[in-house]
Amino acid sequence: MNKKTELDESPLTKVIDDVSEGINDAGIVFNSEEDPAIEESNGKQAVRYLLWGLLSVVVNFGTFFILYHALHLNYQFANIVAWFLGVQVGFWVDRIIVFRHKSNTAFREMLAFYGTRILTFLIESATLWVGISLLSANGTGSKVVGQILAIVGNYILSKFFIFKNKH
């Protein structure tokens, strides 16, 4: 085997190729002639979910930080506003980029998306309440713990319930 072949087959090269292929394949989202039930690896979706999901996390954290820390508003109010804006960004990112879901039922999916996000919002709110009100912990640290729990739950609910492609 020559050195070029060894380099081309390295595990790191394969991972980079797989990730970039998954991210760069967004063209099928806009091609109405493709089959909407195209299956791809769970790993590619998970990588896109984590990378693109950062956008909704930034919106969520940024809004929370501004309202709670800069404007000194109540942490629960700040969290509700941050949650709403983060969910709206998350819906469109998940639908178009992460799960590449095509259907004519975007509004119904949005309602279901918000419905499942209410569950993870309650988990996050409970985490903030325990962290801030009961343990007198840092608000940002409590928010991080709540977001981690919400992110895991949101991925599972989105993949298997909201953007599930039907064969």
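**Exercise 1. The order of elements**

Work out in what order the secondary-structure elements of the chain run from the N terminus on, and how many helices and strands they come to.

*Solution.* Reading from the N terminus on, the elements of this predicted model run α-α-α-α-α-α. The secondary structure accordingly comes to six helices and zero strands. As a background figure for the exercises below, buried residues make up 36% of the 167 residues in the chain.

**Exercise 2. The largest pocket**

Describe the largest pocket by its volume, by the elements that line it and by the class of its lining residues.

*Solution.* Begin with the space itself, which is about 340 Å³ in the largest pocket. Next, find the centre: 22 residues line this pocket, and the closest to its centre are Tyr-49, Ser-56, Val-57, Ile-151 and Asn-154. Then turn to the elements, where two or more lining residues come from each of helix 3 (42–70), helix 4 (75–98), helix 5 (106–134) and helix 6 (139–162). Helix 3 gives the most to this lining, with eight residues. Finally, sort the lining by class, which yields eleven nonpolar, eight polar and three charged residues.

**Exercise 3. Two aromatic pairs**

Decide whether the rings of Phe-64 and Tyr-68 are stacked or tilted, and do likewise for the rings of Phe-113 and Phe-163.

*Solution.* The count of aromatic pairs in the model comes to 13. For Phe-64 and Tyr-68, the ring centres are 5.2 Å apart and the planes stand at 25 degrees; planes under 30 degrees apart count as stacked, and therefore this pair is stacked. Both residues lie in helix 3, four residues apart, which is about one turn of the helix. Their accessibility is not alike in class, since Phe-64 is buried with a relative accessible area of 2%, whereas Tyr-68 is partly exposed with a relative accessible area of 21%.

For Phe-113 and Phe-163, the ring centres are 5.9 Å apart and the planes stand at 50 degrees, so the pair is tilted. Phe-113 lies in helix 5 and Phe-163 in the segment after helix 6, so this pair ties together parts that are 50 residues apart in sequence. Here Phe-113 is buried, with a relative accessible area of 0%, and Phe-163 counts as buried at 2% relative accessibility.

**Exercise 4. From ring pairs to a core**

Find which residues the ring pairs link into a cluster, and which residues have the most contacts inside the largest nonpolar core.

*Solution.* Following the ring pairs gives a cluster of Tyr-49, Phe-91, Trp-92, Phe-99, Phe-113, Tyr-155 and Phe-163. The largest nonpolar core has 14 residues, and those with the most contacts inside it are Phe-99, Phe-113 and Phe-163. The elements that give two or more residues to this core are helix 4, helix 5 and helix 6, and helix 4 gives the most, with five residues. Phe-91, one of the residues in the ring cluster, has its place in helix 4 and is buried, with a relative accessible area of 0%. Phe-91 and Gly-53 are 38 residues apart in sequence, yet their C-alpha atoms are 9.8 Å apart in space.

**Exercise 5. Charged residues**

State over the face of which ring Lys-143 lies, over which ring Lys-159 lies, and whether Glu-124 is buried or exposed.

*Solution.* Lys-143 lies over the face of Phe-64, at 5.0 Å from the ring centre. Lys-159 lies over the face of Phe-160, at 5.7 Å from the ring centre. Glu-124 has its place in helix 5 and, at 2% relative accessibility, counts as buried, because the cut-off for that class is under 20%. From C-alpha to C-alpha, Glu-124 and Val-145 are 8.0 Å apart in space, although 21 residues separate them in sequence.

**Exercise 6. Positive phi in two loops**

Determine where His-72 is found, where Ser-136 has its place, and what phi each takes.

*Solution.* Start from the general expectation that most residues other than glycine have a negative phi. His-72 has a positive phi of about 55 degrees although it is not a glycine. This histidine, His-72, is found in the loop between helix 3 and helix 4 and is exposed, with a relative accessible area of 65%. Ser-136 likewise has a positive phi, of about 50 degrees, without being a glycine. Its place is in the loop between helix 5 and helix 6, and Ser-136 is exposed, with a relative accessible area of 63%.

Key: Residues are numbered from 1 along each chain as its sequence is written. This is a predicted model: local features need pLDDT of at least 70, side-chain atom pairs count only at pLDDT 80 or more; totals for chains, interfaces and linings use all residues. Side-chain values use heavy atoms; hydrogens and water are left out. On a 1 Å grid over the protein atoms alone, a cavity is a set of points where a 1.4 Å probe fits but cannot get out, and a pocket is an open set with protein on both sides within 12 Å along at least five of seven lines; lining residues have an atom within 4 Å of a point. Grid points are joined across faces, edges and corners, and a volume is the space filled by probe spheres set on the points. Ala, Val, Leu, Ile, Met, Phe, Trp, Tyr, Cys and Pro count as nonpolar, Asp, Glu, Lys and Arg as charged, and the others, Gly among them, as polar. Rings of Phe, Tyr and Trp (its six-membered ring) pair if their centres lie within 6.5 Å; planes under 30 degrees apart count as stacked, over 60 as edge-to-face and the rest as tilted. Buried means under 20% relative accessible area, exposed over 50%, partly exposed in between (1.4 Å probe, protein chains only). A charge sits over a ring if NZ of Lys or CZ of Arg is within 6 Å of the ring centre and within 35 degrees of the ring normal. A nonpolar core is a set of buried Ala, Val, Leu, Ile, Met, Phe, Trp, Tyr and Cys residues joined through side-chain atoms within 4.5 Å.
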